Amino acid sequence: GDHFHYACALTTGEVFYFEYAKMVPGGWVHLQDVRQRKGRMIREDGYCADEPTFDRGVDVRLSHIVWIADAPYGS
């Protein structure tokens, strides 16, 4: 089937590109099918990756989302 694409930016400046989102209890949003993420991420253990992958999706705080775009690559 057709896949829809979205992007969202966090208050930290990170941008996530994904295909599906759902609310998670406690004020979180689960982003699924995260295909690309630009910028850098430093985990608590100090590991840094330029283009991390999130095979099972990623949860972000709803209050940390600055904007969401539909069809960031064009429709």
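**Strands, core and a few odd residues**

Tutor: The chain exposes about 5,400 Å² (Shrake-Rupley method, 1.4 Å probe, with only the protein chains shown counting as cover for residues), and carbon and sulfur atoms supply 51% of that. Before you dig in, know that this is a predicted model, where local features need pLDDT of at least 70 and side-chain atom pairs count only at pLDDT 80 or more, while totals for chains, interfaces and linings use all residues. Residues are numbered from 1 along each chain as its sequence is written, and side-chain values use heavy atoms, leaving out hydrogens and water.

Student: How many strands are in the chain?

Tutor: Helices and strands here are DSSP runs numbered from the N terminus (H or I of at least four residues for a helix, E of at least two for a strand). Read from the N terminus on, the elements go β-β-β-β-β-β-β-β-β. So with zero helices, the count of strands is nine.

Student: Which strands stand at the edges of the open sheet?

Tutor: The open sheet has three strands in the order S3-S4-S8, with antiparallel pairing (a pair needs at least two DSSP bridges). An edge strand has a single partner, so one side of it is left without a neighbour in the sheet. That describes S3 (20-24) and S8 (58-61).

Student: How many bridges join S3 to S4?

Tutor: These two strands form a hairpin with three residues between them, and Gly-26 in the turn has a positive phi of about 95°. Ala-21 has Leu-31 in S4 as its bridge partner. S3 and S4 run antiparallel, and the bridges that join them number five.

Student: And on the S8 side, what is the bridge partner of Leu-31?

Tutor: S4 (residues 28-32) and S8 pair in the antiparallel sense over four bridges. Along this pairing, His-30 stands opposite Asp-59. For Leu-31, the partner in S8 is Val-58.

Student: Which elements give two or more residues to the largest nonpolar core?

Tutor: A nonpolar core is a set of buried Ala, Val, Leu, Ile, Met, Phe, Trp, Tyr and Cys residues joined through side-chain atoms within 4.5 Å. The largest one has eleven residues, among them Cys-8, Phe-16, Val-29, Leu-31, Val-58 and Val-60. In soluble globular proteins, nonpolar side chains tend to be buried together. The elements you asked about are S1, S2, S4 and S8.

Student: Why is the aromatic pair called stacked?

Tutor: A search of the whole structure finds one aromatic pair, and it links Tyr-6 in S1 (residues 6-10) with Phe-18 in S2 (residues 15-18), twelve residues apart. Rings of Phe, Tyr and Trp (its six-membered ring) pair if their centres lie within 6.5 Å, and planes under 30 degrees apart count as stacked, over 60 as edge-to-face and the rest as tilted. The centres here are 5.7 Å apart, and the pair is stacked because its planes stand at 25°.

Student: Is Phe-18 buried or exposed?

Tutor: Buried means under 20% relative accessible area, exposed means over 50%, and partly exposed is in between (1.4 Å probe, protein chains only). Tyr-6 has 26%, so it's partly exposed. Phe-18 has just 5%, so Phe-18 is buried.

Student: What about Glu-19: how far is it from Asp-70 in space?

Tutor: Glu-19 sits in the loop between S2 and S3, and at 11% relative accessible area it counts as buried. In sequence, Glu-19 and Asp-70 are 51 residues apart. In space, C-alpha to C-alpha, the distance is 9.8 Å.

Student: Which residue in the loop between S4 and S5 has a positive phi?

Tutor: Most residues other than glycine have a negative phi. In the loop between S4 and S5 (36-38), a residue that counts as partly exposed at 29% relative accessibility has a phi near 60° without being a glycine. That residue is Asp-33.

Student: Where does Ala-71 lie?

Tutor: Ala-71 also has a positive phi, of about 60°, although it is not a glycine. At 25% relative accessibility, Ala-71 counts as partly exposed. Its place is the segment after strand S9 (65-70).
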